[in-house]
Structure formats: C-alpha cells, structure tokens
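I opened this model to record what could be looked up in it directly. My entries follow in the order in which I made them.

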Amino acid sequence: RKLCKSASLQFRKEKIMSGFRSLALPQSVLLSAMDRKNNSSKRVMATSSEEKVYDLAYFLKGALAGGICCAVTHGALCPVDVVKTRIQLDPVTFNRGLIGGFKQIIEAEGMKGLATGLGPTVVGYFIQGWFKFGGVEFFKIQFAKNLGDEKAWNNKTAIYLASSAMAEFIADIFLCPLEATRIRLVSQPTFASGLISGAGRLMAEEGILRGFYSGFGPILMKQIPYTMAKFAVQGEAADRIAASMGKTQADLTGGSKLGVALASGVIAGVCAAIISHPADTLLSKVNKAGAGGTGSIMTRLGRIASEIGFVKLCTVGLGARCVMIGTLTAGQFLLFDLVMDLTGAEKFHFHPPATAAH
C-alpha cells in the first residue's frame, strides 16, 4: 500500500510540474537570455564587428597606467615645479625667470634643492593618476554604454568634461595632503627631511584639516578645470590630428599613435595650464605658513587674491607652468598608451556610428 501511495504521489507531482513547464519558457532559452543580459552590462561595442569587454581588469589596467604615467612625469619635472613654486611664493627674490630661478636655487642649496618635495610628488601623483585616469576610463565608458553609439559620439566633449570632473574630485581627496606636504617642503626647505617626517610634523602642528586640507578648495579650483580641459582638448585634438591623416584614433599604431599622443598632449597641456594657473598660484600661497592670516580658508584665499591682484594671479609663473604642464601632459598621454599596450589592454575610443561603434 505504501508503494502504491508513493507511486500515486509521484505521478501527481509529475503532472503538476509538466503543467508548469508547459507555461514557462524553455530553460535553455531563459538561461541564454539571462546570460546575454549579464554580458551586455559588461560590454560596449568595439571598433570592429566584434564586441570588446571593458570589465574590472580593464579599469584596473587603466588605473595602473594612470598612476605610472603621473608619477613618472611629475617626478621627472620636480625641478621645474620647485622653481615654479618658488617664483609664485616669492616673486621678489625669484625674479629672473625660469632659467634664473634654477641658477638661484642651485647657488643657494645645491642640486639637491631642485629635488625638494620629490617624495610626496611621486607618491601623491601616483595615487592621483590612479583615480584620475582610471576614473575617466570608467565614467566615459559608462556614459557611452548608457547613451548609445550616436549620442555618445555627438556628446563626446560633454562626456569627457563630466567624466574628468568626477574622476578628479575623487583623486583630489587623496592628493591634497601630499600636495600640502610638498608645498611646505618647497617653501620651507628646513621644515622636514622628507615625506613621512614632513607629513607627521604638519599634522602635529596644524591638525588634519588645516594642515592637509587648507588647500582643498584651491586644489579643486585648479585641478578640476585643468583636468576637464586636459582630457576634452586632448580627445578633440587627437581626433582631428588622426582625421587629417585619414584615420580614427583606433586605427593608429606604432609611431603614428605615439606622435598623435604627444602632439595632442602638448596642445591640451598648454590650454589646461592657462585655465588653471590662477588657482595654482592661490594653492601655492595658501599652503605657505601664515599666508592669508587667520580665519576660514575662503577668507584667507580672498586676502591672498586681493594682495596679489588679478593680473599677477594669472601671469606670475605662467611661462614656467606652460613649459611644465605642456611637457608633462604630453608625456602622460604617451606613457598611458604605452603602459596600456604593455598590459594588453586596448584603449577605449569614441567613433562615429557610421564607421563603427565604441
């Protein structure tokens, strides 16, 4: 009797399940649809008929390439940055231009004076480059994926501007303490022997907010417009240079690819330097001990700006900054492309929908 009852229950269960199966999609179709949906969230169209995956590994490679290119270029140009910062902080003493500034520092402090602040420069800009370049790649791909091919191409400048602004804001949270330490070391060479001791003394004497983040407002005013101009101008310049050769950026290889990266980087760097220079001067000043007197950061910035004057704010040290940023930006885009190639990642590019998708 138990066997009969069990067989009866099994028969009824089979009938019920077969009824559900007759109303449902076939399992293979359902799984296939789910798989397509999951995969589509990780992909944007490539420059050919195939699809290219832009996943976590791609974004990490972009972040690593960004960290390396920023650390190397800023570290290599540390001597120029030292001279530029001294001119901004003390234009009365350092009044002989870029070359004269080099000679003055070497005479007073020796060659090691030109390497002041190298530690926080390399560490700070590796971290900043990680979040900046990695963030720009992440945000622009998300915009492109959500907007679709045609809208993304038509709005690529807006995408560059929005992506770079968001990425730079995140990067500056990590950069600001290291930049504050660097400027203090440059403005007061006897303040500390290096990054660790300098950051420790700054925090002990002035606290985290005043010591490390007094310049957060100016650094945002400097870095966000700078980065927005840098990526938007470079993207447009690279597209136009490639188009003049009858190609798109994705078609470029070897020497032509590196040449376009360098040329567009120089153009972007000079534009970005001019746009961000007033805020860069304020940042250098506000991190100097006692600058702007007491009060809130904005009050101190207002006093500094009124003391300097608008014209000097925009022009003092601008030549050195254009040389530095033009060279630096060209080097960054060159190194970024090289490191991405070495990691096996193919950089994302916008394309006209008529030729290919992203």
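I began with Phe126 and Trp130, which lie 4 residues apart in helix α6 (residues 118-147) and are therefore separated by about one helical turn. An α-helix has 3.6 residues a turn, so residues three or four places apart point the same way. I note that the model is a predicted one.

I then asked how exposed the two residues of this pair are. Phe126 counts as partly exposed, at 30% relative accessibility. Trp130 is also partly exposed, with a relative accessible area of 29%.

I next looked at the rings of Phe348 and Phe350. Their centres are 5.2 Å apart and their planes stand at 85 degrees; since planes over 60 degrees apart count as edge-to-face, I entered the pair as edge-to-face. Both Phe348 and Phe350 are buried. I found the two residues again in one aromatic cluster, together with Tyr54, Tyr58, Phe59, Phe138, Phe139 and Tyr160.

I searched the whole structure for aromatic pairs and obtained 15. One of them is formed by Phe126 and Trp130, with 6.3 Å from centre to centre and 40 degrees between the planes, and I entered it as tilted. I also looked up a charge over a ring: the charged end of Arg184 sits over the ring of Phe191, 5.3 Å from the ring centre.

I turned to Met324, which I located in helix α14 (residues 318-343). Is Met324 buried or exposed? Its relative accessible area is 3%, and because buried means under 20%, I recorded Met324 as buried. Which residues does Met324 touch, leaving aside those up to four places away in sequence? I listed His74, Leu77, Val80, Asp81 and Lys84. Of these contacts I followed the one to Val80: 244 residues separate Met324 from Val80 in sequence, yet their C-alpha atoms are 6.6 Å apart.

I checked the length of helix α10 (residues 216-244). At 1.5 Å a residue, its 29 residues should span 42 Å, and the end C-alpha atoms are 41 Å apart, so the two values agree. Just after α10, I noted that Gly246 takes a positive phi of about 75 degrees.

I closed with values for the chain as a whole. I counted 14 helices and 2 strands. Of its 358 residues, 46% count as buried. Among contacts between residues at least 6 apart in sequence, 77% join residues at least 24 apart. The chain exposes about 17300 Å², of which carbon and sulfur atoms supply 66%.

Technical notes
Residues numbered from 1 in each chain as written. Predicted model: local features only at pLDDT ≥ 70, side-chain atom pairs only at ≥ 80, totals over all residues. Heavy atoms only, no water. Expected span 1.5 Å × (residues − 1). Buried < 20%, exposed > 50% of the residue type's maximum accessible area, 1.4 Å probe, protein only. Contact = heavy atoms within 4.5 Å. Areas by Shrake-Rupley, 256 points an atom, 1.4 Å probe, with all protein chains shown as cover. Phe/Tyr/Trp six-rings, centres within 6.5 Å; stacked < 30°, edge-to-face > 60°. Lys NZ or Arg CZ within 6 Å of the ring centre and 35° of its normal.
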